[in-house]
Amino acid sequence: MSLEQKHVICRACHAQCGLIVDFKDGKPVATHGNKDNPAYAGFSCSKGRDLQNYHSYPSRLKHSLKKSSGGYDDYEWKTAAKEMAKKIKLIINEHGPDSVALYIGTFGYNTFPSHAFALAFMKAIKSQMIFTSVTIDQPGKAITAALHGIWLAGGYRHKEWDGLLIMGSNPLVSMLGGVGANPAKNLHEAKKRGMKLIVIDPRVTETAKQADLHLQCNPGYDGEILACIIRTIIQEDYHDKDFIKKETKGFSDLVEAVQPFTPKKVSEFAGVTEEELVEAARLYGSFKKADISLGTGPNMSGAGNLSEYLGKVIMSLMGHWRREGELKENVGVFVNGFPPIAAGSGSTPATGFGKKLRVRDLEESTAGLPTGALADEILTPGKGQVKALLVLGGNPMLAWPDQIKTFKAMKKLELLACFDPRKTKTGILSDYIIAPKIHYERYSTSAPNELLGNFGNGWGYEDTYGQICDPILDVPEGSNLCEEQEFFYEMAKELGLNLTINSMAFVDPNVASQNQTIIKTDEPFPDPISIWEAILKGSPVSYVEARKDPDSFKGKRFDRKPDIIQKKPDDWPGYLNIGHPIMISKLKEISLKFGGSPIADAFPFRLISRRLKDALNSAWHESSSLKKRLPHHPAYINPSDMLKVGINDGDLVEITSERSSIKCKSYSAVDVKVGCLAVPHGWGTNPDEEDDPINSGGNTGRLSFNDKNFDPITGIPIMSAIPVKLSKLN
């Protein structure tokens, strides 16, 4: 048997690692990292190495499905597109365009063409009801970019850092945020070089184990801890006074607002000592080039906007941004970055410019429409009620907060359609499940991860890395699969509408809309190369030109000169706002509510979400390799808490919140802080199904109310640090 190797971009998560697939007799037999890849240097994870198996799992759909009286029938996807288009037209004629909503989940972002065509379809039918996973994941990043502003020159990268602070994130497992591509290698090299690492997290995560200082805090006090660090940095004179004077505004308001957050006061509730808080502030204050990265922990714990904002405020207090005359190496390949000017963009509104929802006075923000309110928009009768929902690469039943209300909403819809290669917990409630091509059957580029580089300095790529990927595997014999962009095109064609594709090569939406491509539906569907050319229109490196270089298919550093950071013009109006009134008000609010809640005695534990090394959210839990490593949905509990409640390792437990309860299998875990339960999200059954604590486990979203303790800007409720009680199942 002859061995053939083909290069591919991993789509198991946003990291988009460059992999090699070994083929024997035309079949993939192994997937592994590419040691010659300049960005990933041979890295691969268990999820990526398992990609080859997803193509042949029995659960993988080879035909689209339509619900029938007997369950589901295999269905031709073009027929489904025509039927759905006609249904959507009827719904719009009766209830208006905003009665049709779109939800883009995690995997909807992994495929730029499907993402772009979905947005174009919604624009064509004139619906503004576009929701994404951003507002139930890390919405604070987008809100902070608006309120604090963006330093256009960017920050320093891991090769330059002498320090790094990570809060509520575990990049050695999540692969996102903190230390770039191949995080284990990058962190090891940085530590070897002398970089100091501070981790603030209720768990002794894989990343925390590498820390020089780990504050194992109580969950839900991230904002208070950061405010205390700010207070100490200012009080002990570590801040960069010159940078603050020239490039920021709001300093005096910030100083006043952080005064209540003394180390003594914060230590009483945050579960760390006064000495640890002061040490963290002093250590970060000693750094000359550093970064701060926050993850889903702070964002889901009730004050995510504030925590993300304060992280950027600390960086600005210290002046940890690139300066005039320095080099910016990540100048872009398929995505244009910000102009290399040593200046702040200025503070802009986070809300007040887009769609207003009918419930809870919520509206569109820089993070998008609040997904946490979509179930209410479906259930609330009257003008504007959502009647149809298209789900692209997501699984609302296992991802959204308040699973009980989400279930009622899904059942209420007149049309529910999921684009997914599996029959998910949302799919089994759907009228249609549209089966797409997956991983090795698709064209792709590294642009999605490059775009993420605008989230922060530890995201995306360090320099001008890019990769192109063509299909390396045919679709299964006898299958009838499409790519999602084809389906949206066919629906638009049935409705007599053209599609306007905005370029995804720009972070500025106004510039993106200026680089449009019109897809006429009275003409043949474009070939994949033309689609990618349209999606990356105006990119620094032309997609078509990049295809001419064979090394582009392996992953390469493109020959683009670094930018020299330019001095800001004398009349530059922008700045970094380190004392924004909205965030100052939030600081004052939490300073008046220090401590626990009235339900603390009834619900003494805090359930925190966590990532798993071998699984991403709800995707492919049926993987045989995953089941060998993780046969059950785990609830990780500190041994002292297990002893206190009378639980042994491996017992079935019930976790109860004010909203509902779930059942899981207990795992003794010394790395979890006493008083906390660490439970992965994205698991569980639907509310009308029998609980299955051994296999499916419990859905953490069932423990949340979506209309209590929610953020007034993004609508995200508390999805981590949930007050719960714990008991053993008899």
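Two strands are said to pair if DSSP finds at least two bridges between them. In the predicted model described here, this criterion picks out an open sheet of three strands, in which the order is S1-S2-S3 and the pairing is antiparallel. Strand S1 (3-9) and strand S3 (27-33) are the edge strands of this sheet, since each of them pairs on one side only. From one strand to the next, the twist averages 30 degrees. Strand S2, which covers residues 18-24, is joined to S3 by six bridges, and these two strands run antiparallel. Within this pairing, valine 21 of the chain is found opposite threonine 31 in S3. In a regular strand, side chains alternate between the two faces of the sheet.

The loop between S1 and S2 contains glutamine 16, a residue other than glycine whose phi is nonetheless positive, with a value near 60 degrees. Most residues other than glycine have a negative phi. Is glutamine 16 buried or exposed? Because buried means under 20% relative accessible area, glutamine 16, with a relative accessibility of 1%, counts as buried. A second residue of this kind is aspartate 402, which is not a glycine but has a positive phi of about 55 degrees. Aspartate 402 is placed in the loop between helix H17 (396-399) and helix H18 (403-412), and at 1% relative accessibility aspartate 402 likewise counts as buried.

Further antiparallel pairing is found around strand S29, which spans residues 652-656 and is connected through five bridges to strand S30, residues 661-668. S29 and S30 form a hairpin, and four residues lie between the two strands. Threonine 656 is positioned opposite serine 661 in S30. S29 also pairs with strand S32 (residues 722-728), again in the antiparallel sense, and here the pairing extends over four bridges. In that second pairing, isoleucine 655 has leucine 726 of S32 as its bridge partner.

For the protein chain as a whole, the secondary structure comprises 26 helices and 32 strands. The C-alpha atoms occupy a box of roughly 70 × 65 × 60 Å when the principal axes are used as directions. A compact globule of 730 residues would be expected to have a radius of gyration near 27 Å, and the value of 25 Å for the protein chain therefore agrees with that expectation. Of the 730 residues in the protein chain, 60% are buried.

Empty space within the model was examined next. Rolling a probe the size of a water molecule over the atoms shows where such space is left. Seven cavities of 30 Å³ or more are present in the structure, and the largest cavity holds about 80 Å³ of space. Which residues lie nearest the centre of the largest cavity? The lining consists of 14 residues, and those nearest the centre are Lys47, Tyr54, Asp614, Leu616 and Ala619. By chemical class, the lining of the largest cavity is made up of eight nonpolar, two polar and four charged residues. Helix H1 (46-49) and helix H25 (624-629) both contribute to this lining, each supplying at least two residues.

How values were computed. Residues numbered from 1 in each chain as written. Heavy atoms only, no water. 1 Å grid on protein atoms, 1.4 Å probe; cavity = no way out; pocket = protein on both sides within 12 Å on 5 of 7 lines; lining within 4 Å. Points joined across faces, edges and corners; volume = space filled by probe spheres on them. Nonpolar A, V, L, I, M, F, W, Y, C, P; charged D, E, K, R; others polar. Axes fitted to C-alpha atoms, helices over the stretch in contact; angles between N-to-C directions. Rg over C-alpha atoms; globule rule 2.2 N^0.38 Å. Buried < 20%, exposed > 50% of the residue type's maximum accessible area, 1.4 Å probe, protein only.
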